[in-house]
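Here's a quick briefing to read alongside the coordinates. Have the viewer open and follow along topic by topic.

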Amino acid sequence: MSRPKITVVGAGNVGATAAQEIVRGNYADVVLVDIKEGLPQGKALDINSAGPVLGYNPSIVGTNSYDKTEGSDIVVVTAGVPRTGDMSRDDLVTTNEGIVSAVTRDAVERSPEAILIVVSNPLDAMCHVAKDVSGWTRERVFGMAGILDTARFRTFIAWETAAAPKDVTAMVLGGHGDQMVPIVSATTVGGIPLRELVSGEQIEALIERTRKGGGECVQLLGTSAWYAPGAAVAEMVHAVALDQKRVLPCTAYLEGEFGIEGLYMGVPVKLGAGGIEEIVELSLSDEERAELGRSAEAVREVVGVLAGSR
C-alpha cells in the first residue's frame with residue numbers, strides 16, 4: 001500500500017516544524033519546497049537524521065522545484081513574508097497575495113487532485129486567493145488558524161484552573177486575529193463548564209490573552225511562533241490523510257452557515273479524506289453570534305484589499 005504524499009511549501013520555521021511533525025507520524029512521504037537554495041535540502045537532511053533516534057523511517061526530501069511534488073495528496077502552503085514594523089496591513093495582503101497566487105498555481109498544476117491547506121497570513125484573505133487561483137471547491141481549500149487559537153485558549157485555561165490541558169475542551173471561531181471569538185458556552189474542563197470554575201473577570205482575561213497570544217510570542221521572540229502552528233498544521237494533515245473524521249476549528253468558506261455568505265471564517269468542520277466533509281453549526285448564544293458577525297465584518301475589510309476583491 002503506497003504512502004500518502006504531503007507537500008509543504010515554505011521551509012521556514014512553521015513549514016519545517018509542520019513537516020517534522022508529519023514525518024514523525026510515520027505514515028507519509030513529505031516534500032519540503034522553498035525558493036532559497038539549500039534551505040529545504042538542509043532541513044530535510046536534519047529531519048531525516050532524527051529518524052533513527054525518534055523511531056520513524058526517513059521520508060522527507062527538500063527541493064527548490066515543484067517537480068518532486070507531483071501527485072501530492074495534500075499541499076500545505078506556509079510561504080509568505082512576515083509583517084514588519086514599517087509594513088501596513090494592506091502591504092502585507094498585497095505582497096503575500098502575489099506569493100500565495102504563484103505557489104498555488106505551481107502546486108495545483110502538478111497535483112490536480114490534492115487538498116490545499118493554507119497557513120500563510122493574513123490567513124482569511126490568503127484562503128480566498130488560493131481558492132480563486134485553484135478554482136477548487138471549498139471542501140478542498142481551507143486554512144489553519146482555529147486549532148492554533150484554540151490550543152492557546154486551552155493552555156491558558158489549564159494554567160488558570162491547574163488542570164491538564166488535554167482535559168480542556170474549547171473552540172475558538174471567527175477571524176484569525178483580534179477579532180477571534182472564543183466560544184465560552186462550549187468550553188469545559190473535565191466536562192465541567194468553565195463558568196462554574198472561574199469568574200467572569202478571569203474568563204475575560206483568558207479571552208484577551210488568547211486574542212493577543214500570537215502578538216505575545218512576537219514580542220518575546222522577535223518573530224512569529226512556530227512550534228504550536230506547526231503542530232496545528234500536522235493535526236489537520238493527519239485528520240485528512242488518515243481519514244480521521246476529526247471535528248476541528250478550521251478556516252472554511254461559508255455559504256450561509258452561521259448567517260455568513262461568501263467568506264472564509266473559522267468554524268467547526270469535520271475533516272476526513274474528502275477534506276471538509278461537513279461544516280458543524282453548533283449552537284451559539286446571542287452574544288457569541290453577534291461577536292461572530294462582527295468578526296466577519298473585520299475579515300471582509302482585510303479581504304477587500306485583494307486585487308479585484310469581492
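What follows is a walk through the cores, strands, aromatic residues and cysteines.

Keep in mind that this is a predicted model. The big picture starts with a largest nonpolar core of 85 residues, and another core of 15 residues lies apart from it. A search of the whole structure turns up three aromatic pairs and zero disulfides.

**The largest core**

- Which residues have the most contacts inside the largest nonpolar core? They are Ile22, Val237 and Leu271.
- Helix H9, spanning residues 227-241, gives the most to this core, with seven residues.
- Val237 is worth clicking on: leaving aside neighbours within four places in sequence, its contacts are Ile6, Ile22, Tyr27, Ile74, Val76, Ile117 and Leu242.

**The other core and Phe153**

- Apart from the largest core sits the 15-residue one, with Ala170, Val172, Val184 and Ile207 among its members.
- Phe153 has its place in helix H6, and it counts as buried because its relative accessibility is 0%, where the cut-off is under 20%.
- What does Phe153 touch, not counting residues up to four places away in sequence? The list is Ala170, Val172, Pro182, Thr187, Leu206, Ile207 and Thr210.
- Phe153 and Ala205 are 52 residues apart along the chain, and their C-alpha atoms are separated by 11 Å.

**Strands E1 and E2**

- Strand E1 (residues 5-9) is mostly covered, with four of its five residues buried.
- E1 runs parallel to strand E2 (residues 29-33), and five bridges join the two.
- If you want one pair to look at, take Lys5, whose bridge partner in E2 is Asp29.

**The three-stranded sheet**

- There's an open sheet with the order E7-E10-E11 and antiparallel pairing.
- Why do E7 (168-169) and E11 (192-193) each have one side left without a neighbour in the sheet? Both stand at the edges with a single partner strand, so there is nothing paired on the other side.
- E7 and strand E10 (residues 188-189) run antiparallel and are joined by two bridges.
- Val168 has Val189 as its bridge partner in E10.

**The E12-E13 hairpin**

- Strand E12 (residues 246-255) is largely enclosed by the rest of the structure, because seven of its ten residues are buried.
- E12 pairs with strand E13 (residues 261-272) over ten bridges, in the antiparallel sense.
- Leu254 stands opposite Leu263 in E13.
- The two strands E12 and E13 form a hairpin with five residues between them. In that turn, Gly256 has a positive phi of about 110°.

**Aromatic pairs**

- One of the aromatic pairs is Phe156 with Trp159, which is tilted: the centres are 5.8 Å apart and the planes meet at 50°.
- Both Phe156 and Trp159 belong to helix H6 (residues 146-161), three residues apart, or about one turn of the helix.
- Buried or exposed: what are Phe156 and Trp159? Phe156 is buried, at a relative accessible area of 9%, whereas Trp159 is exposed at 60%.
- Trp226 and Tyr227 make another tilted pair, at 5.3 Å centre to centre and 45° between the planes. Tyr227 is exposed, with a relative accessible area of 61%.

**Charges over rings**

- Lys131 lies over the face of Tyr253, 4.8 Å from the ring centre.
- Arg140 lies over the face of Trp136, 4.0 Å from the ring centre.

**Cysteines**

- With zero disulfides found in the whole structure, what about Cys250? Cys250 is in no disulfide, and the nearest cysteine sulfur, that of Cys127, is 9.8 Å away. For a disulfide, the two sulfur atoms have to be within 2.5 Å.
- Cys250 counts as buried, because its relative accessibility is 0%.
- Cys217 is partly exposed, with a relative accessible area of 23%.

Key: Residues numbered from 1 in each chain as written. Predicted model: local features only at pLDDT ≥ 70, side-chain atom pairs only at ≥ 80, totals over all residues. Heavy atoms only, no water. Buried < 20%, exposed > 50% of the residue type's maximum accessible area, 1.4 Å probe, protein only. Core = buried A, V, L, I, M, F, W, Y, C linked by side-chain atoms within 4.5 Å. Contact = heavy atoms within 4.5 Å. Pairing = 2+ DSSP bridges. Phe/Tyr/Trp six-rings, centres within 6.5 Å; stacked < 30°, edge-to-face > 60°. Lys NZ or Arg CZ within 6 Å of the ring centre and 35° of its normal.
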